[in-house]
Each structure stands twice: as structure tokens, then as C-alpha cells.
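Student: I should like to go through the reasoning behind several structural assignments. Please set each value against its criterion.

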Amino acid sequence: MYRANFDPEAFSPAVFSARRMPDRIHYRMVRCNTCELVRSDPVADPAAVADLYHQSSFDYSEETQNLARTYGAYLARLDRYGASKGSLLEIGCGNGFFLMQARAQGYRDVRGVEPSRSAIELAPAEIRGRIVCGMMQPGLFPESAFDVICLFQVLDHIFDPATLVETCFHILKPGGFVLCLNHNVAALSARIMKERSPIIDIEHTYLYSPVTITRLFSSQGFQVKETGGVKNRYSLGYLTRLIPLPGALKKTMLAALDVTYLGHLPLRVPLGNLYMIAQRPS
């Protein structure tokens with residue numbers, strides 16, 4: 001599909017920090033001719049990458065309000081299925097901004113897992129102690145502990161997604177729900193931009209479509225209730241950062257947006273992401 005275009009210097013905490021400026025570096029990307037799953041082949045040592053995520057910085061605090069509104073809108077969709085609001089886990093929770101949103105929607109016990117020390121240090125005091133610093137793994141939480149598990153822009157980064165989904169199945173209560181938002185490799189934007197798309201990135205080991213993410217969760221016993229496109233809320237400045245433009249031109253545009261404060265203007269646009277709601281059978 002696409003050849004690798006990076007060197008060893010790409011493996012730094014800065015490159016593995018969330019929502020950095022797109023730099024178009026990636027592993028060799030391949031697509032399965034049978035199931036159409038897109039993945040990186042090969043990938044780096046998982047332990048080495050976990051350490052990079054541990055050292056990574058949290059550089060998108062200005063976007064957390066927009067992200068919370070986007071993710072909160074899809075969390076509210078669980079109400080139509082009668083999801084219990086007892087306990088919620090977010091895997092890859094950053095500084096806990098969404099955990100605060102979940103509390104605002106009535107979830108009583110919120111927990112998080114986050115590999116970045118920098119992100120956790122920036123979490124609100126009432127949330128910080130409820131975040132485990134590390135990578136999600138089997139045994140971290142007891143069986144049937146949560147009513148809802150959320151993964152926002154996380155599943156693309158996982159080396160062994162089947163094990164992660166199996167773990168989610170076991171730590172969910174029977175009848176509990178998983179909510180995922182991640183990149184959609186079948187979206188029109190990804191098909192048009194191809195290798196220039198921001199989703200073709202060295203951090204992404206797997207890229208999903210509605211078909212392949214449904215297959216992944218169904219294979220681990222989940223019942224997939226919904227999949228669909230996402231409308232993201234982002235500032236104009238952040239959206240400009242994603243556009244594949246020459247570096248000098250992009251810097252000029254970002255500087256102009258910053259001076260005029262137009263960079264903070266919020267927009268709600270379809271950016272080629274997908275959401276999925278799945279349930280552990282009762």
C-alpha cells in the first residue's frame with residue numbers, strides 16, 4: 001500500500017505525543033486482500049513504544065473543550081440503550097478532560113488509564129488520583145468492573161487489538177457498553193488524500209473502517225449496535241494544522257490566525273472519523 005519513509009530518529013517522545021503537527025512519517029502500510037484491514041508492517045518493539053508514550057507530552061490543552069463536547073455527544077447516545085451510569089473507564093484519557101464530561105452527564109465512578117506522565121500531572125486534582133499511569137493490559141482491573149468503557153483515538157495505536165478488546169469484554173459488566181471513536185480509513189478524505197492523509201502516521205499500527213472494526217468486536221463476543229461517521233468540533237487553527245500544505249505556508253497561515261484570534265473559532269466538521277457502540281451481551 002505505502003512504503004516506509006522514516007529513520008530511527010523518528011522514535012522520540014515528541015513524535016509519539018498526541019495530536020502533534022502531522023509530519024507524514026510512517027511504517028510500511030499494507031492492506032489485507034481478504035478482510036481489507038489496514039495495518040503497519042512491521043512495527044517497532046511494543047515495550048520501546050510504550051516507553052515513548054510514557055515520556056510523551058500533553059500539548060493540546062487548548063482543544064480539550066472542543067474534544068469534550070464531541071466525545072460527550074456520542075457518550076449521550078448510550079442513553080437510548082439504557083446504559084447504566086454507575087462506572088466508566090476511559091482508556092487513553094489524557095488529562096482527564098472527558099472524565100469530567102462523563103461526570104457532568106451523571107456517571108458516578110469515573111476511572112482512566114493513560115501512559116503519559118505529563119498528561120496525568122495536568123489532570124484536575126479530583127480526577128488525578130483516579131487515573132492509572134500505564135498501558136492498558138489484562139489484570140489491571142477486576143472482572144465485570146465497569147458499565148461503560150470509552151476509547152477515543154486509541155484503538156489505532158494498539159499493537160494487539162484483539163487482546164485489548166477481549167480485556168474490555170471481561171472487565172465490562174454483562175450488558176455493559178464500549179464506545180470507540182477513531183480514524184476511518186474508508187472515509188472519503190482518506191481515499192482522496194491517500195498517503196498524504198494525517199491518519200497515515202507512525203503512531204498508527206492499525207486503521208479501521210466500519211466493516212473491520214465491527215468484525216474485530218464481534219470476534220470477541222460483542223454485539224455491535226451502531227457505527228457511523230463523526231462530526232468533530234475543532235478550532236480553525238487546529239484544522240489548519242491538519243491540512244497538507246507546504247511548511248512555510250502553513251506557518252504563515254497559523255500566525256495570521258493567531259494574531260486575528262480566528263484560530264480559536266470553533267467549527268463542527270466531518271473529518272473522516274468513525275464511532276462504534278458495542279455491547280457485552282447480558
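**Strand pairing and cysteines**

Tutor: In this predicted model, Leu181 stands opposite Tyr275 in strand 10.

Student: What makes strand 7 and strand 10 a pair?

Tutor: Pairing requires at least two bridges. Strand 7 (residues 172–183) and strand 10 (residues 266–279) are joined by 7 bridges, so they pair. The two run antiparallel.

Student: How do you know that strand 9 pairs with strand 10?

Tutor: The same criterion of at least two bridges applies. Between strand 9 (residues 223–235) and strand 10 there are 11 bridges, in antiparallel orientation, and therefore these strands pair as well. Gly229 has Leu274 in strand 10 as its bridge partner.

Student: Why is Cys133 not assigned to a disulfide?

Tutor: A disulfide needs two cysteine sulfur atoms within 2.5 Å. The closest cysteine sulfur to that of Cys133 belongs to Cys93 and is 9.6 Å away, which is too far for a bond. For Cys168, the nearest cysteine sulfur, in Cys180, is 7.4 Å away, and Cys168 is in no disulfide. The count comes to 0 disulfides.

Student: Why is Cys168 called buried, and Cys133 partly exposed?

Tutor: Buried means under 20% relative accessible area, and exposed means over 50%. Cys168 has 2%, so it is buried. Cys133 has 38%, a value in between, and is therefore partly exposed.

Student: What makes Ser56 buried?

Tutor: Its relative accessible area is 6%, under the 20% limit, so Ser56 is buried. Ser56 lies in the loop between helix 1 (46–55) and helix 2 (64–75). Beyond residues up to four places away in sequence, Ser56 touches Pro13, Phe16, Ser17, Ser116 and Ser118.

Key. Residues numbered from 1 in each chain as written. Predicted model: local features only at pLDDT ≥ 70, side-chain atom pairs only at ≥ 80, totals over all residues. Heavy atoms only, no water. Buried < 20%, exposed > 50% of the residue type's maximum accessible area, 1.4 Å probe, protein only. Helix = DSSP H or I, 4+ residues; strand = E, 2+ residues; numbered from the N terminus. Contact = heavy atoms within 4.5 Å.
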